[in-house]
Amino acid sequence: LRAMATKDAPSPPKQHKRKRPRAEEEEAAAEAPSSPRQCIVILDEASLEIVKTKKGDFTLVNSDDHKSILAKHGRDPAECRPDIAHQELMAALDSPLNKAGMLKVYVRTRQNVLIDVHPSVRVPRTYKRFAGLVCQLLHKLKVRAADGNQTLLKVVKNPVSRHLPAGTALYGFSKHGTPFTPTCFAASLPDDKPVALVFGAMATGSIDRLNHDTMLDMVCVSDFPLSGATAINRVLGAIEAHWGVH
């Protein structure tokens, strides 16, 4: 009887372990910080403006190919230098800091369009292909990877401060800023909070501090005027050395 009772007794219900949805896992992985240190580069006042050519194609306005259009509208050719943003993007995204997963890039245009740049973007090496990519972005407001799973470039809402982590230390760069050597500037950065760096992406003038009300200081890292790409290389190189990124 004891054997029969044991045989006929109902077995306890199996407890199935709940599996996390795949989308939930991917989202959690994306939100998890890859490093306690983060550097955010903001390319400000970039000249990325679309124009329709006589052939019916769309391209970026530039001072070399559209002199007649600029003269017709009374525009200064020096204002239309999209090649500067191209050079600065390559300098930032090709840096070891970006390869190490510690860099984030935003671009704000003269027309106040804010662009979120994914760290995995490989910027086209030639200007012509870069111009085509940006035209696609400004028309469709986003550019996806070839497999469609990753948004590489997208237009997001202003201001850029809404996309910065809480407590971010924000610095701008100008020839008229507080003088630092790149090494001393990197050593002065806080270790316990993200850092945001604003570089001008225009041919003349400097960034406007009024557009970044949380900026702590304007910094100068050379006795000589530097191109934006050169300044980015100097500053990020010093930060990489200070943070141990090789």
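Student: Which residue stands opposite Val156 in β7?

Tutor: In this predicted model, Leu114 is opposite Val156 of β7.

Student: What makes β5 and strand β7 (residues 151-156) a pair?

Tutor: Pairing requires at least two bridges between the strands. Four bridges join β5 to β7, and the two run antiparallel, so they count as paired.

Student: What makes β5 a partner of strand β4 (residues 103-109)?

Tutor: The cut-off is again at least two bridges. β4 and β5 have four, in the antiparallel sense; one of the partnerships sets Val107 against Ile115 in β5. The two strands form a hairpin with four residues between them, and Asn112 in the turn has a positive phi of about 65 degrees.

Student: How do you know that both faces of strand β5 (residues 114-117) are covered?

Tutor: A residue is buried if its relative accessible area is under 20%. Leu114 and Asp116 on one side are buried, as are Ile115 and Val117 on the other.

Student: Why are α4 and α8 called roughly parallel?

Tutor: Angles under 35 degrees count as roughly parallel. The axes of helix α4 (residues 82-93) and helix α8 (residues 228-243) cross at roughly 15 degrees and come within 8 Å. The two helices are therefore roughly parallel to each other.

Student: Which residues make the contact?

Tutor: From α4 come Gln87, Glu88, Ala91 and Ala92, and from α8 come Gly228, Ala229, Ile232, Asn233 and Leu236. By class, five residues in this contact are nonpolar, three polar and one charged.

Student: Is the crossing of α4 past α8 left-handed or right-handed?

Tutor: α4 passes α8 in a right-handed crossing.

Note on methods: Residues numbered from 1 in each chain as written. Predicted model: local features only at pLDDT ≥ 70, side-chain atom pairs only at ≥ 80, totals over all residues. Heavy atoms only, no water. Axes fitted to C-alpha atoms, helices over the stretch in contact; angles between N-to-C directions. Parallel < 35°, antiparallel > 145°, perpendicular 65-115°, else oblique. Left-handed = near helix turned anticlockwise from the far one by under 90°. Contact = heavy atoms within 4.5 Å. Nonpolar A, V, L, I, M, F, W, Y, C, P; charged D, E, K, R; others polar. Buried < 20%, exposed > 50% of the residue type's maximum accessible area, 1.4 Å probe, protein only.
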